[in-house]
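Reader: I'm new to this structure and would love a close look at one small part of it, with its surroundings explained as you go. Could you pick a spot and walk me through it?

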Amino acid sequence: ALLPYVPRVSPTALLGKVTATTFALEMPCCVFNQDADASDVVWLVVAFANASDTFRNPSSRADVPLYEWLPTALSYMTLETVVTAYSCPAPSTAVLRVGGDTACGGQGGRDPCNGPLLSPGPYRVKFLVMGCHGPKAETRWSDPILLRRAANLTTIDPAPRGRGSDVVVITCILASLGAALAVAVLGTVGAVVRGSCCHQDLGTGSFAHRSYRTHHIPPALPRGCRCSPPGLGCFAPRPPRPCPGK
């Protein structure tokens, strides 16, 4: 039987009604009362909009297309529910969350699953009543349902919840490596400078009026200098004499 009911996204204002991977349908209450027995079950068929016309109802539960088939079959069935769950009356705020089971995909394709939707769609859905001998009644297909997508990359959280400690640890490790590299570079530059005391002829007057702190790299000495042991500084001999080769 073809029922006149058309599934739709819940008109109720609620958080996360349509997201990038899920959407919330209104509860199809009082829809199957005349066409289903208490032993029947109701399935939700989810298909890409361009695949809804070619979808064929399975003849038995063994032929139900599974969630893992969506990328190739372009459709699957989920939310297997006893028909009495949709009887009257029902809370006006009740909804069906499609794509809300984040644990899907690890069952090896053995059981129906209500896993996150793989793309923005659009999708169409319908409800299918199945008894012991196959399909008994179905609703019409919904209008196309398009999921949300990020407007720009700045809306994406670079540190997902539950992984904050990992990000902090990685940041600390990178900072430590950077500090060690900076120390090594400065040490190498200091060794090169200390190895060449005779640099250029500045004149004794200019050197006599220069002042510097002991933990800084000392300036070049006048021509004719020679070095004392490391750490004791440099001094100019008297009388001055040219450096070899100058």
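Author: Happily! Let's start at Asp 40, whose side chain reaches the backbone nitrogen of Asp 37 at 2.7 Å. Please keep in mind that this is a predicted model, and the distances here are computed from it.

The side chain of Asp 40 also makes a polar contact with the side chain of Lys 136, at 2.8 Å. Where does Asp 40 sit? You will find Asp 40 in the loop between E1 and E2. Is Asp 40 buried or exposed? With a relative accessible area of 3%, Asp 40 is buried, because the cut-off for that word is under 20%. Setting aside residues up to four places away in sequence, Asp 40 touches Val 82, Val 83, Val 129, Met 130, Gly 131 and Lys 136.

Several of these names lead us into the sheet. Its four strands form an open sheet in the order E3-E2-E5-E6, with antiparallel pairing. Strand E3 (75–82) and strand E6 (134–138) stand at the edges with a single partner strand each, so one side of each has no neighbour in the sheet. From one strand to the next, the twist averages 35 degrees. In general, strands of a sheet pair through backbone hydrogen bonds, either parallel or antiparallel. Here, strand E2 (residues 41–48) and strand E5 (residues 123–131) run antiparallel and are joined by eight bridges. One residue of E2 to look for is Val 41, whose bridge partner in E5 is Met 130. Met 130 is also among the residues that Asp 40 touches.

From here we can move to the nonpolar cores. The largest one has 30 residues, and those touching the most other members are Phe 23, Leu 25, Phe 32, Val 46 and Phe 127. E1, E2, E4 and E5 are the elements that give two or more residues to this core. Phe 32 is a good residue to zoom in on: leaving aside neighbours within four places in sequence, Phe 32 is in contact with Leu 3, Val 42, Val 83, Tyr 86, Phe 127, Val 129 and Thr 139. Val 83 and Val 129 appear among the contacts of Asp 40 too. There is also a second, separate core of eight residues, which includes Trp 43, Val 45, Phe 55 and Met 130.

The cysteines round off the tour. How many disulfides does a search of the whole structure find? The search finds two. In one of them, Cys 30 and Cys 88 have their sulfur atoms 1.4 Å apart. This pair links distant parts of the chain, 58 residues apart: Cys 30 lies in the loop between strand E1 (23–26) and E2, and Cys 88 in the loop between E3 and strand E4 (95–98). Cys 30 is partly exposed at 39% relative accessible area, and Cys 88 is partly exposed at 38%.

Cys 104 and Cys 113 form a disulfide as well, with their sulfur atoms 1.4 Å apart. The torsion about their S-S bond is about -120 degrees, so this disulfide is left-handed. Cys 104 is buried at 14% relative accessible area, and Cys 113 is buried at 3%.

Why does Cys 29 not bond with Cys 30? The closest cysteine sulfur to that of Cys 29 is in Cys 30, but at 5.9 Å it is too far for a bond. Finally, Cys 132 counts as exposed, at 74% relative accessibility.

Definitions and conventions
Residues are numbered from 1 along each chain as its sequence is written. This is a predicted model: local features need pLDDT of at least 70, side-chain atom pairs count only at pLDDT 80 or more; totals for chains, interfaces and linings use all residues. Side-chain values use heavy atoms; hydrogens and water are left out. Two strands pair if DSSP finds at least two bridges between them. Axes are lines fitted to C-alpha atoms, for helices over the stretch in contact, and angles run from 0 to 180 degrees between N-to-C directions. A disulfide is a pair of cysteine sulfur atoms within 2.5 Å. Buried means under 20% relative accessible area, exposed over 50%, partly exposed in between (1.4 Å probe, protein chains only). A polar contact is a pair of N or O atoms within 3.5 Å; within protein, one must be able to donate a hydrogen and the other to accept it, and residues adjacent in sequence count only if both atoms are side-chain atoms. Contact means heavy atoms within 4.5 Å. A nonpolar core is a set of buried Ala, Val, Leu, Ile, Met, Phe, Trp, Tyr and Cys residues joined through side-chain atoms within 4.5 Å.
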